[in-house]
Amino acid sequence: MGIHLTAIFALIPYVLALDNGLALTPPMGWLTWQRFRCITDCEKYPNECISESLIKRIANIMVNEGYSHVGYKYVGIDDCWLERSRDANGRLVPDRKRFPNGMKAIADYLHELGLKFALYQDYGTKTCAGYPGVLGHEAVDVQTFAEWEVDYIKLDGCNVNVSKMDTGYPEFGKLMNESGRPMVYSCSWPAYQEKPDYASISKHCNMWRNWDDIQDSWASLTKIMGWFAEKQEEIAKYAGPGRWNDPDMLLIGNFGLSLDQARVQMAVWSILAAPLLMSVDLATIRPEFKDVLLNKDIIAIDQDEMGKQGFMVWSKEKCEIWTREVVDGIAVAFVSKRDDGAPHTIEVTTEDMKIPKTTYHIQDLYKDGPNFKFESKERFITRINPSGVRFYKFIPIKENEVESPSITYI
């Protein structure tokens with residue numbers, strides 16, 4: 001790539017947020033799907049089944065162990081929460097055994113804790129797991145969600161003709177906006193299409209799943225990273241306050257990623273200005289993975305108020321540089337996809353990183369080393385673990401600064 005990051009960002013138009021005024025920074029929270037999938041047998045799996053008990057347990061942990069304090073506010077139930085049929089009035093019915101008090105009770109419980117309620121549905125006749133979808137019942141379902149005081153709707157795209165999506169998703173969003181209930185609108189619209197109309201999608205959705213479901217593996221994570229790098233100049237211009245590209249849930253703390261690989265996902269997701277949606281059993285997560293999810297310095301990159309999605313700007317010898325402009329500097333992630341069993345040293349210039357030539361304070365966002373000063377005439381040197389990351393914030397030093405300002409780790 002031959003132009004600087006600042007020039008790339010100059011090409012991105014500022015667009016007004018969706019009319020609902022929500023998701024001005026990427027939504028943060030927790031969803032059931034990646035970790036708990038469609039486990040519905042509460043007798044065999046009492047701590048894992050999709051149920052009122054699971055949601056309350058996770059919500060309490062989010063509040064008591066600091067997750068909500070750093071920004072994880074949405075608690076989401078994905079597929080498999082419904083009865084197999086609607087009621088006599090055509091309304092959706094939560095599974096009577098697993099959600100004995102209904103969804104309004106879930107919303108009340110979460111709201112009492114200062115959290116928000118996210119709920120899954122599907123634009124088709126059935127959800128991906130075969131439960132009732134919204135098609136043909138859009139108005140009554142939106143009314144139901146508003147009455148339940150839902151704060152966020154994730155609308156999937158199984159069991160529907162793809163050609164209907166370009167009108168159906170906007171129509172459903174219009175019903176949401178007219179409901180009187182502010183609800184974040186998460187669309188799976190482009191994930192099902194070969195040539196998505198991102199101009200329309202970004203006008204009608206707060207966030208949208210772009211591509212394949214993420215699976216709990218390094219192979220899946222890097223495949224999605226590769227897709228976003230390949231498509232970045234096409235899709236980044238549509239992201240900004242109120243509207244976000246969504247590379248899917250965080251795998252951090254589950255079974256498929258090492259600690260180094262988990263740190264890669266957190267870093268790259270923050271560069272992409274991606275929603276940070278955990279899907280892990282917070283009751284059993286290991287402390288080192290919890291520390292990744294609670295890293296306030298990296299969350300601050302993700303939640304930066306400029307809302308500018310970053311880019312992969314350099315790739316060589318299975319190492320990549322991902323860079324994002326933020327309010328007070330530039331976030332730079334050095335990612336290794338090597339598997340040769342030893343840390344790899346790279347030396348790069350400001351031209352390689354696509355950042356302006358100046359003098360910087362360097363903040364190590366994972367605290368793997370001390371903060372330091374970097375002159376742009378020098379080569380930047382860092383050493384990365386295999387399938388790992390070094391993540392820095394480059395803070396320009398102003399010309400009139402005599403002494404380096406102290407950089408405090410939050």
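How many cavities of 30 Å³ or more does the structure hold? The structure holds three. This is a predicted model, and the tour below reaches one of those cavities after a walk across the sheet.

**Stop 1: the sheet**

Select the strands. Eight of them form an open sheet with parallel pairing, and their order across the sheet is E7-E6-E5-E4-E3-E2-E1-E8. Now colour residues 244–246, strand E7, and residues 276–278, strand E8. These are the edge strands, and each pairs on one side only. Turn the view to look across the strands: on average, neighbours in this sheet are turned by 25° against each other, direction ignored.

**Stop 2: strands E2 and E3**

Select residues 74–77 for strand E2 and residues 116–122 for strand E3. The two strands run parallel and are joined by four bridges. To find one bridge, pick Tyr74; its partner in E3 is Lys116.

Add residues 102–112, which make up helix H4. This helix packs on the sheet and touches both E2 and E3. The direction of H4 makes about 145° with that of E3.

**Stop 3: helices H3 and H4**

Keep H4 on screen and add helix H3, residues 52–64. The axes of the two helices come within 10 Å and cross at roughly 10°. An angle under 35 degrees counts as roughly parallel, so H3 is roughly parallel to H4.

Show the side chains where the helices meet. From H3, select Glu52, Ile55, Lys56, Ala59 and Asn60; from H4, select Ile106, Tyr109 and Leu110. Sorted by class, the residues of this contact are five nonpolar, one polar and two charged.

**Stop 4: a cavity**

Rolling a probe the size of a water molecule over the atoms shows where empty space is left. Go next to the second largest cavity, with a volume of about 50 Å³. To see its lining, select Leu31, Tyr152, Lys154, Ser186, Met207, Arg209, Asp246, Asp248, Met249 and Leu277. Strand E4 (152–156) and strand E6 (207–209) are the elements that give two or more residues to this lining. Five of the lining residues are nonpolar, one is polar and four are charged.

**Stop 5: the largest pocket**

Which residues lie closest to the centre of the largest pocket? Select Cys128, Asp156, Tyr192, Arg209 and Asp213 to see them, out of the 19 residues that line this pocket. The space in the pocket is about 270 Å³. Helix H2 (33–36) and strand E4 are the elements giving two or more residues to the lining. By class, the lining has nine nonpolar, two polar and eight charged residues.

Arg209 appears at two stops: Arg209 helps line the second largest cavity, and Arg209 is also among the residues closest to the centre of the largest pocket.

**Stop 6: the second largest pocket**

The last selection is Asp291, Val292, Asn295, Tyr366 and Lys367. Of the 12 residues lining the second largest pocket, these are the closest to its centre. About 160 Å³ of space lies here.

Colour helix H9 (259–271) and helix H10 (287–293), which each supply at least two residues of the lining. Which helix gives the largest share? Helix H10 does, with three residues. The lining as a whole divides into six nonpolar, one polar and five charged residues.

Key:
Residues numbered from 1 in each chain as written. Predicted model: local features only at pLDDT ≥ 70, side-chain atom pairs only at ≥ 80, totals over all residues. Heavy atoms only, no water. Pairing = 2+ DSSP bridges. Axes fitted to C-alpha atoms, helices over the stretch in contact; angles between N-to-C directions. Contact = heavy atoms within 4.5 Å. 1 Å grid on protein atoms, 1.4 Å probe; cavity = no way out; pocket = protein on both sides within 12 Å on 5 of 7 lines; lining within 4 Å. Points joined across faces, edges and corners; volume = space filled by probe spheres on them. Nonpolar A, V, L, I, M, F, W, Y, C, P; charged D, E, K, R; others polar. Parallel < 35°, antiparallel > 145°, perpendicular 65-115°, else oblique.
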